[in-house]
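Dear colleague,

I am handing over the structure we spoke about, and below it you will find my notes on what turned up when I went through it. Please read them alongside the coordinates.

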Amino acid sequence: MNLMKKKQQSEAEYSGPLIQLIDIHKVYYMGNSEIYANHGINLEINEGEFVAIIGKSGSGKSTIMNIIGALDVPTSGQYILKGKDVSKMNDNELATIRNKMIGFIFQQYNLLPKERLINNVALPLLYSGMGKEERNKRAMEALKKVDIDDKYRNFPNQMSGGQQQRGAVARALVTNPSLILADEPTGALDSRTSVEILNFLKQLNREGNTIVLITHDRSVAEEANRIVSIQDGTITFDGTVDEYRKQVAG
Amino acid sequence: MKLGQAFKLAWQCILGSKMRSFLTMLGMIIGVGSVITLLGLMQGVTNYLVDTFSEMGTNNISVTVKNTDTRVVDVDDVYEFTKENSAIFTGVTPSIASSYTVKNGSSSVSTTVTGVGEDYLDLNSIDLAWGRSVSYADIKNRYNACVLGTYIVDELYDGQISAGDTIRIDGQIFTIVGILEEQDDSTEGSTDDCIYIPYSVACRLAGSTNISSYTFVVNDAELVTAGETLLDNFLYNIMRSEDLYNVRSMTELLDTINSMTTLMSTILGGIAGISLLVAGIGIMNIMLVSVVERTKEIGIRKSLGAKRRDIMWQFVIEATSISMLGGFIGVVIGYVATVTLGNMFGVEAAPTTNSIVLAFGVSAAIGIGFGYAPANKAARLNPIDALRSE
């Protein structure tokens, strides 16, 4: 109990930027050749921001998303998430970071097909060792937020794409993470449901959640407050949506 | 993730693809079932053999001698020797068994005719239903007296004997002086298919002057070895060559039977054990396929915070559950098969506790052992690659 309080305090006391990427390099080895996916990326994101990272395929935006999402570690450089250096963590420590601090939303929803919606949403809580009653309670709360709590017993294939993506949003919210990381969240949706999901994200941001949105689509990126453009593994633009529009027009 | 949840998850996966799970289990079911059945039946056969031979007397030592012109084991010396060592030997009786055709009128059967001493029936705890046993006077006078087993009485006299009835053994007329109590079921080849006559008469029938085989009875089964040693010394002093006599006890025979059946059990169990190994490989194969099929699922779970250990447990427990469930069904089927086959072959057979524990333990171990490699493969998957797979 005391430990929990201390932890909460120390997290509350941390006042620096939520995300700090310092001179991030990522190199992939394919046979004998080296592929530089990221080439010295520096980026800071503060709590409460809604940032879109935009880039074409092959630009290195997926690599930077993997690093921000603690799915991968950089070859060199530092990634500091809420004061913790994630860049040197091992597999298990990364798993804990993903579990407690990050909520993922994927393009293909990535719900487990053989699990009911409520179990899908509660899955991150299962891996954090929470008891069943508490898990279900929190999962239902998250489902209420995205307004599909009536579908809690459905299997993913019994729901529309938009409903599945809302389920995925609920799953990302359920652990109350420091960061919501959305990877092309509208990529598989029609324009009407895309707007719906983006509105959800905006609303979550207004409620104080930090959101990082990865996309190749300019119109989607412009829904955010800040745009970071990546090209050939480096940041070519970082500014507000208005500044971005001017730059593109100019 | 807690162990209980891992079990629940494994159970869901097993039920989620029932046919595949069953086919995977089938190897284990057959393997465990055959190990238990073969070992159980073998144990049944062993028990049957041991019981059969025990009935013949575990307190007995049989001695055969090859009498020569100059070295002869004399009957009176044997009786004298036995009396001197009464601390060990209860008694002795010559026993000369030969097969003869016996006749009453026109009906005849072939049976074992044994020449015995007057103590034979007492020493072997055989009771008479009627009349008397072979007596000392019969032996001394070489009187053609005989005692019949119930099979002979049923076959040649329709179960009715009256005083003074005679029987022809090898053409000679014998007076029936007694009938044995039924010991078995009065069928051909059973212990009721026999005739006892005085050993002196048996010698004459066989055309020999000396007795070549004796049955010694010791006071207690534990004295068999001591008795054998004494007899060995006694006979060596007379015959001066180990080739001319043979001392054997049922204990030795039982030991031989036991070691032979143990060897057979080991071989059969080993062969059946191979099918367990094959079943294990089958499980590993399916689990490897399952890992590939579920790469995406593993990726999703990892991205949501599943540690290596969590994924590992999930797959190991699934493999172990499949093999243990298969093992359990195998035990049940093996049990039924052992009892059914035992009844068919007329052997009282039940699976041994050892074989059940062994087979079940091996199936669990195989689940863990062969589940480990696929589980490890799953646990080590890179979450990015796993997420990207379709």
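In helix 2 of chain A, the buried residues are A:Lys61, A:Ser62, A:Thr63, A:Ile64, A:Met65, A:Asn66, A:Ile67 and A:Ile68. Since 8 of the 8 residues of this helix, which covers residues 61-68, are buried, the helix is largely enclosed by the rest of the structure. Just after helix 2 of chain A comes A:Ala70, which takes a positive phi of about 60°.

Please bear in mind that this is a predicted model. Its scores are ipTM 0.91 and pTM 0.72. For chain B the mean pLDDT is 88, with 99% of the residues at 70 or more; within that chain, confidence is lowest in helix 1 (residues 3-16), where the mean is 83, and highest in helix 10 (residues 295-303), where it is 94.

As to how the chains meet, 17 residues of chain B are in contact with 19 residues of chain A. On the side of chain B that touches chain A, at least two residues each are supplied by helix 1, helix 10, helix 11 (308-345) and helix 13 (383-388) of chain B, and helix 10 of chain B gives the most, with 4 residues. By character, the residues on this side of chain B divide into 6 nonpolar, 5 polar and 6 charged.

Turning to the interior, the largest nonpolar core holds 120 residues, of which A:Ile53, A:Val121, A:Leu181, A:Val212, B:Ile283 and B:Phe315 touch the most other members. Helix 11 of chain B provides the largest share of this core, 11 residues. If residues up to four places away in sequence are left out, B:Ile283 touches B:Thr24, B:Ala319, B:Ile322, B:Ser323, B:Ile366, B:Gly367, B:Phe370 and B:Gly371. Apart from the largest core lies another, of 52 residues, which includes B:Val102, B:Val177, B:Cys194 and B:Tyr199.

Finally, some notes on chain B as a whole, which has 13 helices and 10 strands. Its radius of gyration is 34 Å, whereas a compact globule of 390 residues would have one near 21 Å, and its C-alpha atoms fill a box of roughly 105 × 50 × 30 Å along the principal axes. Of the 390 residues of chain B, 42% count as buried, and among the contacts in chain B between residues at least 6 apart in sequence, 82% join residues at least 24 apart.

With best wishes

Definitions and conventions:
Residues numbered from 1 in each chain as written. Chains lettered and ligands numbered in written order. Predicted model: local features only at pLDDT ≥ 70, side-chain atom pairs only at ≥ 80, totals over all residues. pLDDT = per-residue confidence, 0-100. Buried ≥ 20, exposed ≤ 12 C-beta atoms within 10 Å, placed from the backbone. Contact = placed C-beta atoms within 7 Å. Nonpolar A, V, L, I, M, F, W, Y, C, P; charged D, E, K, R; others polar. Core = buried A, V, L, I, M, F, W, Y, C linked by C-beta atoms within 7 Å. Rg over C-alpha atoms; globule rule 2.2 N^0.38 Å.
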